[in-house]
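Colleague: Could you take one part of this model and go through it slowly with me, from a single residue outwards to its surroundings? I am new to reading structures, and I would like to see how the pieces connect.

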Amino acid sequence: LLLRARIKQSLHAFEEALADLARAQQNGARSERVAALRVGIETALGKDVLDKLKSEAQRNPGLYSYADLAAAYLDRGHFAEADHLYTQAQFLYQDTSPTPLTWLHVQHGIAYLRYGNLERAHDFFTAAYERFPDYYLALEHLALTKTVLGRAQEALVLLLYQEDRFASSPGFYS
């Protein structure tokens, strides 16, 4: 139910996601996991959840709780606080999978992109792409910033390389 709620949240089926969270809680899911997902959905629905996000980050300091709080600050125009939280979030990650850090670097880059610092955004997208080249959001944002920075040829080479690499993978087109 928690996984299904997360998937529905990513598809913007927020009411269905909230229903799954209610069922998950009734079936004994850990309340902190339910609360963290609920805050994400409430944020997407435009509710003011800054205090809840602060409490969650204090209770469960981690990559996602800090990133969620950073995004809330960013939405309120507090770039410095968001930047600090995104930076701190990477030091709280305690696993070996590259995906969460890659995702975090992309989010941090998007923050810089939103505030007009293309060079710094490019740095984060580069870091994300180097960490995990198969993460499409990193590739997409890196190519975008290269293009906007006047380096369209580099962006094209990057995209063509990835297309050739994926196309040559077994079963890619099957």
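**Around helix α5**

Modeller: Tyr-64 has a relative accessible area of 46%, so it counts as partly exposed, and the account can start from there, with the reminder that this is a predicted model. Tyr-64 forms an aromatic pair with Trp-103, and this pair is tilted, with 5.4 Å from centre to centre and 45 degrees between the planes. Because Tyr-64 belongs to helix α5 and Trp-103 to helix α7 (residues 98-114), the pair ties together parts that are 39 residues apart in sequence. Its partner Trp-103 is partly exposed as well, since the relative accessible area of Trp-103 is 22%.

A second pair also involves α7: Phe-79 and Tyr-112 are arranged edge-to-face, with 4.8 Å from centre to centre and 75 degrees between the planes. Here Phe-79 lies in helix α6 (residues 79-92) and Tyr-112 in helix α7, so this pair links parts that are 33 residues apart in sequence. Both Phe-79 and Tyr-112 are buried, and together with Tyr-115 and Phe-124 they form one aromatic cluster. In the whole structure there are five aromatic pairs.

We can now return to α5 and ask how its neighbours are placed. The axes of α5 and α6 come within 8 Å and cross at roughly 170 degrees. An angle over 145 degrees counts as roughly antiparallel, and α5 and α6 are therefore roughly antiparallel to each other. On the α5 side, the residues that meet α6 are Leu-63, Tyr-66, Ala-67, Leu-69, Ala-70, Ala-71, Tyr-73 and Leu-74, while α6 brings Phe-79, Glu-81, Ala-82, Leu-85, Tyr-86, Gln-88, Ala-89 and Leu-92. Sorted by class, the residues of this contact are 14 nonpolar, one polar and one charged.

One residue of α5 deserves a closer look, namely Ala-70. Its relative accessibility is 0%, which means that Ala-70 counts as buried. Leaving aside residues up to four places away in sequence, Ala-70 touches Ala-82, Leu-85 and Tyr-86, and these three are among the α6 residues in the contact with α5. By way of a long-range distance, the C-alpha atoms of Ala-70 and Gln-153, which are 83 residues apart along the chain, are separated by 33 Å.

Helix α5 (residues 63-75) also packs with helix α4 (residues 50-59), at an angle of about 155 degrees and with their axes 9 Å apart. This angle, too, is read as roughly antiparallel, and so α4 and α5 are described in that way; their crossing is left-handed. From α4 the contact takes in Leu-50, Leu-53, Lys-54, Glu-56 and Ala-57, and from α5 it takes in Ser-65, Tyr-66, Asp-68, Leu-69, Ala-72 and Tyr-73. By class, the contact of α4 with α5 has seven nonpolar, one polar and three charged residues.

To set this part in its whole, the protein has ten helices and zero strands. Its C-alpha trace spans about 50 × 45 × 30 Å along the principal axes. Of the 174 residues in the protein, 36% are buried. Finally, among contacts with a separation of 6 or more, 43% join residues that are 24 or more positions apart.

Technical notes. Residues are numbered from 1 along each chain as its sequence is written. This is a predicted model: local features need pLDDT of at least 70, side-chain atom pairs count only at pLDDT 80 or more; totals for chains, interfaces and linings use all residues. Side-chain values use heavy atoms; hydrogens and water are left out. Axes are lines fitted to C-alpha atoms, for helices over the stretch in contact, and angles run from 0 to 180 degrees between N-to-C directions. Helices (H or I, at least four residues) and strands (E, at least two) are DSSP runs, numbered from the N terminus. Angles under 35 degrees count as roughly parallel, over 145 as roughly antiparallel, 65 to 115 as roughly perpendicular and the rest as oblique. A crossing is left-handed if the near helix is turned anticlockwise from the far one by less than a right angle, and right-handed if clockwise. Contact means heavy atoms within 4.5 Å. Ala, Val, Leu, Ile, Met, Phe, Trp, Tyr, Cys and Pro count as nonpolar, Asp, Glu, Lys and Arg as charged, and the others, Gly among them, as polar. Buried means under 20% relative accessible area, exposed over 50%, partly exposed in between (1.4 Å probe, protein chains only). Rings of Phe, Tyr and Trp (its six-membered ring) pair if their centres lie within 6.5 Å; planes under 30 degrees apart count as stacked, over 60 as edge-to-face and the rest as tilted.
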